[in-house]
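Dear colleague,

I am passing on the structure we spoke about, and below it you will find my notes on what turned up when I went through it. Please read them with the model open beside you.

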Amino acid sequence: MRQRLESLLRAGVVDFPAVGVLAEAPAGDPRGSGAGASSTGTASGSPASRSLRAGAAGSTVSIVRDSVPSESSTEGAARSSVANVAPAASSAAVSRSPHPAAQPLSVDERVAALEVLRSEVCACALCPALVQNRSRTVFGVGNIAPRLCIFGEAPGADEDRQGIPFVGRAGQLLDKILAACTLNRDDVYILNTLKCRPPDNRTPSEDEVENCRGFFERQLQILRPEFICCLGATAAKALLRTTSTLGRLRGRFHDVAGAKVIVTYHPAYLLRNPAAKKDTWEDMKLLMKEMGIALSSE
Ligand code: SF4
């Protein structure tokens, strides 16, 4: 199986409606509050999942959650209920041509391929300054057959301790943004550009991004999402290989390996600049429209 997977991978396989909700984001540290506990709830339980099923015209796939929070554990992916995944209506212009697409992996192959990649990440020591300071690597979590991936910057202190992305205050805000989109963490897969926490939460260096590029690009090759939401400039520049500003990248879809990519502000920025929430909500509405997910406020 491992040889087969390695071969495949080498081949390339707000003014939110919940504005009130977002405004209620607690100032305290929600560490351990369950924000990262994607094992709670199921993909079939959220309104969006119901919406996806209702609109599904295509094949049925098994939704499997990648729920391993620690370096030492095995994949431990929990199979959840079966859900239909509807192809997105394509109406948005893309800024770049799609790259050649590899054959999608089966669910079992995804589970195994992610475990291979996770083990490589755990053993990685390419960034000495990060390796010296990390408690653990933070690989990714969520639905491994996702329509949507959330792509962030790097782990913070809470993530470094728990091994799960977006579990601090920013993570709690992300949960609220997803909820405003009728989604929950089990509907999406969440990963970061860097798998290790930069000291003092500094911005990742260009070298560190390039060191980790092989990991996040392979992760996305395995996951094959239809949509990717980049949170913040670092994630957007890394994924899109651009030096453009976040402001110039927002408001339209970009193409990366056939996935439609939208760029918006990082939740940590929104916590510091609440006025930008309305802009993020505009971005999310654009994304939900393209995904065919109806929002009650629309
Ligand atoms: S950030 Fe990525 S490339 Fe750097 S040490 Fe961690 S896993 Fe390796």
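**Thr193 and its surroundings**

Leaving out residues up to four places away in sequence, Thr193 touches Glu153, Ala154, Pro204, Val209, Cys212, Phe216, Thr234, Ala235 and Ala238. Please bear in mind throughout that this is a predicted model. Thr193 sits in the loop between strand E5 (189–192) and H8, and it counts as buried because 24 other C-beta atoms lie within 10 Å, where 20 or more are required. There is also a long-range pairing to note, since the C-alpha atoms of Thr193 and Leu239 are 8.1 Å apart in space, with their positions 46 residues apart in sequence.

**Helix H8**

Three of the residues that Thr193 touches, Val209, Cys212 and Phe216, are also listed among the buried residues of H8, together with Glu208, Phe215, Arg218, Gln219, Leu220, Gln221, Ile222 and Leu223. The helix covers residues 206–223, and it has a kink of about 45 degrees centred on Cys212. As for its length, the 18 residues of H8 should span 26 Å at 1.5 Å a residue, and the end C-alpha atoms are 25 Å apart, so the two values agree. Directly after H8 comes Arg224, with a positive phi near 50 degrees.

**The ligand shell**

How many residues surround the ligand, and which are the closest? There are 15, and the closest are Cys124, Cys127, Cys196, Asn211 and Cys212; Cys212 is thus one of the closest residues to the ligand as well as the centre of the kink in H8. Helix H5 (128–133) and helix H8 each supply at least two residues of this shell, and the largest share, 4 residues, comes from H8. Sorted by class, the shell has 11 nonpolar, 2 polar and 2 charged residues.

**The nonpolar core**

The largest nonpolar core has 67 residues, and those with the most contacts inside it are Cys149, Phe151, Ile228, Cys229, Cys230, Leu239 and Val261. H8 gives the most to this core, with 7 residues. Among those well-connected residues, Val261 is in contact with Ile228, Cys230, Leu239, Leu240, Phe253, His254, Asp255 and Val256, once its neighbours within four places in sequence are left aside.

**Loop residues to look at**

Most residues other than glycine have a negative phi, and against that background two loop residues deserve a look. Thr182, in the loop between helix H7 (169–180) and E5, has a positive phi of about 60 degrees although it is not a glycine. Asn201, in the loop between E5 and H8, likewise has a positive phi, near 60 degrees. Are these two buried or exposed? Thr182 counts as buried because it has 20 C-beta neighbours inside 10 Å, whereas Asn201, with 14 such neighbours, counts as partly exposed.

Finally, Thr137 lies in the loop between H5 and strand E3 (141–143) and is buried, with 23 other C-beta atoms within 10 Å. The C-alpha atoms of Thr137 and Cys122 are separated by 5.9 Å, although the two residues are 15 residues apart along the chain.

With best wishes

Key: Residues are numbered from 1 along each chain as its sequence is written. This is a predicted model: local features need pLDDT of at least 70, side-chain atom pairs count only at pLDDT 80 or more; totals for chains, interfaces and linings use all residues. A residue is near a molecule or strand if its C-beta atom, placed from the backbone, lies within 6 Å of it. Ala, Val, Leu, Ile, Met, Phe, Trp, Tyr, Cys and Pro count as nonpolar, Asp, Glu, Lys and Arg as charged, and the others, Gly among them, as polar. The expected span of a helix is 1.5 Å times one less than its number of residues. The bend at a residue is the angle between axes fitted to the seven residues ending there and the seven starting there. A residue is buried if 20 or more other C-beta atoms lie within 10 Å of its own, exposed if 12 or fewer, and partly exposed in between; C-beta atoms are placed from the backbone. Two residues are in contact if their C-beta atoms, placed from the backbone, lie within 7 Å. A nonpolar core is a set of buried Ala, Val, Leu, Ile, Met, Phe, Trp, Tyr and Cys residues joined through C-beta atoms within 7 Å.
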